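Hi everyone, thanks for making time this morning. I'd like to walk you through one protein, a stop at a time, so have a look at the picture first.

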Amino acid sequence: MVKVLVTGGAGFIGSNFVRYALDRHRDWHVTTLDKLTYAGRLENLEGVLDDPRHRFVRGDIADRDLAAPLVVDADLVVHFAAETHVDRSILNAGDFITTDVFGTFVLLEAARQAPRLKRFIQISTDEVYGNVADGASRETDELRPRNPYSASKAGADRLAYSYWATYQVPVVVTRASNNYGPYQFPEKVIPLFITNAIEGLSLPLYGDGLNVRDWLHVRDHCRALDLLIERGQSGEVYNIGGGNEVRNLDLTRRILRLLGRPEHLIRPVPDRPGHDRRYCLDTTKLTSIGWRPETDFADGLAETVKWYEARTDWWRPIKQQDPAFREYYDLQYGRRLGTS
Ligand code: NAD
Ligand code: TYD
């Protein structure tokens, strides 16, 4: 039996990973530790909540009394838990420091005492490199985060590395590009724009819409993590990129085309402050150990649009009934859209 601790497993990528891992590894027993913030939802774990090889624990990674024994008992830790939305970090950075930096410190301290721990996967992000004017970021490049989210992730990324260099905690750091797929909270651009288009609402496109992101299907991300648990080297960093560089305006048009909705729903709005123009990853290091993305972007996007069309039961309660979402939406977009 392999005991796996997944933090943040009720979020978007974490829940996809828990399902993937239980399906793929019959000898894995997974404990999901999640605080269930606004972004964490038990519904995301549908299909595995009753699985005898899965246990859900509600709690905060920064709560040492709760989190440390779970880490100490684990063979593998996959640490997804974080505050993750750049726009929210610009509005209020406090929770990003508490969870992404201090919470990671609590887990790493416990990992020093974990007798059987074989791997601690620190889920970092391509955003730690900051804006990439040209070329592609390599793992050895300087980190130049430019917003509170990416700065807090960069702090956690290097803190995790330091626990390998100093205490030999078997840390592997991963830096993935923008993920898309099912169960992504409808504040991020792809699910926000799909669901707004379905509802006939404006799609608030920041600035000139020419910022570029590299899109990675969440399933391909899970496959990469699975490989790195086996074959990653402790103390090393691995980029995980989808190889799909798309300008936001083109992405928005593709979503509208897939839904058969008109382009006049696109609403250019004032830009995000400090908006990184482009991210792009060099993935040579990961591909050299046998991974490549399998999901074609056109297919993956069409599949994702279909999922949100079919799963209004999943997102409508968030967007239409949760007062916290409405409050966030008004704060973030009210002035931009002239609706507040
Ligand atoms: P998400 O916001 O959907 O999920 C985050 C999860 O963490 C939620 O379930 C939330 O309840 C939980 N959480 C937050 N604070 C917690 C705390 N203090 N204690 C316990 N649980 C807590 O995020 P996601 O998109 O699934 O991202 C997962 C990880 O992947 C994050 O570390 C993020 O930085 C990283 N990442 C995301 C992307 C992306 O495109 N989404 C790309 C690269 C890296
Ligand atoms: P987002 O999904 O927030 O991911 P990240 O900031 O982590 O890359 O945004 C992806 C891109 O879409 C980014 O360039 C900002 C842009 N965007 C908009 O134009 N409008 C929006 O309402 C949102 C949420 C994002």
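**A short tour: one residue, some charged pairs, one pocket**

Let's start with glutamine 122, which sits in strand E5, residues 119-125. Please keep in mind that we are looking at a predicted model. Is glutamine 122 buried or exposed? Its relative accessibility is 1%, so glutamine 122 counts as buried, because the cut-off for that word is under 20%. And which residues does glutamine 122 touch, once we set aside its neighbours within four places in sequence? The contacts are His79, Thr104, Ala156, Asp157, Ala160, Val172, Val173 and Thr174.

Next stop: charged pairs. Side chains of opposite charge can pair when their charged atoms come close. How many salt bridges does the structure hold? There are 25, and I've picked three to show you.

The first one on my list joins aspartate 73 and lysine 3, with 3.1 Å between the closest N and O atoms. This pair links distant parts of the chain, 70 residues apart: lysine 3 belongs to strand E1 (residues 2-7), while aspartate 73 lies in the loop between helix H2 (64-72) and strand E4 (76-79). Both partners are partly exposed, with aspartate 73 at 32% relative accessibility and lysine 3 at 28%.

Now find arginine 311 and glutamate 46, whose side chains meet in a salt bridge at 2.8 Å, N to O. Here, too, distant parts of the chain are linked, with the two positions 265 residues apart: arginine 311 is in the loop between helix H10 (297-310) and helix H11 (312-321), and glutamate 46 is in the loop between strand E2 (28-34) and strand E3 (54-58). Arginine 311 counts as buried at 19%, whereas glutamate 46, at 30%, counts as partly exposed.

My third pair is glutamate 187 with lysine 188, where the closest N and O atoms are 3.8 Å apart. Glutamate 187 has a relative accessibility of 3% and counts as buried. Salt bridges can also share partners, and that is how Lys3, Asp73, Asp75 and Arg116 are joined into one network.

Last stop: the largest pocket, with a volume of about 290 Å³. Which helices each supply at least two residues of its lining? They are H3 (86-91), H4 (94-111) and H12 (323-337), and H12 gives the largest share, four residues. Among the lining residues you can look for Tyr38, Glu83, Arg88 and Tyr328. By class, the lining has six nonpolar, one polar and four charged residues.

That's my tour, thanks for listening!

How values were computed
Residues are numbered from 1 along each chain as its sequence is written. Chains are lettered from A and ligands numbered from 1 in the order in which they are written. This is a predicted model: local features need pLDDT of at least 70, side-chain atom pairs count only at pLDDT 80 or more; totals for chains, interfaces and linings use all residues. Side-chain values use heavy atoms; hydrogens and water are left out. A salt bridge is a side-chain nitrogen of Lys or Arg within 4 Å of a carboxyl oxygen of Asp or Glu. Buried means under 20% relative accessible area, exposed over 50%, partly exposed in between (1.4 Å probe, protein chains only). Contact means heavy atoms within 4.5 Å. On a 1 Å grid over the protein atoms alone, a cavity is a set of points where a 1.4 Å probe fits but cannot get out, and a pocket is an open set with protein on both sides within 12 Å along at least five of seven lines; lining residues have an atom within 4 Å of a point. Grid points are joined across faces, edges and corners, and a volume is the space filled by probe spheres set on the points. Ala, Val, Leu, Ile, Met, Phe, Trp, Tyr, Cys and Pro count as nonpolar, Asp, Glu, Lys and Arg as charged, and the others, Gly among them, as polar.
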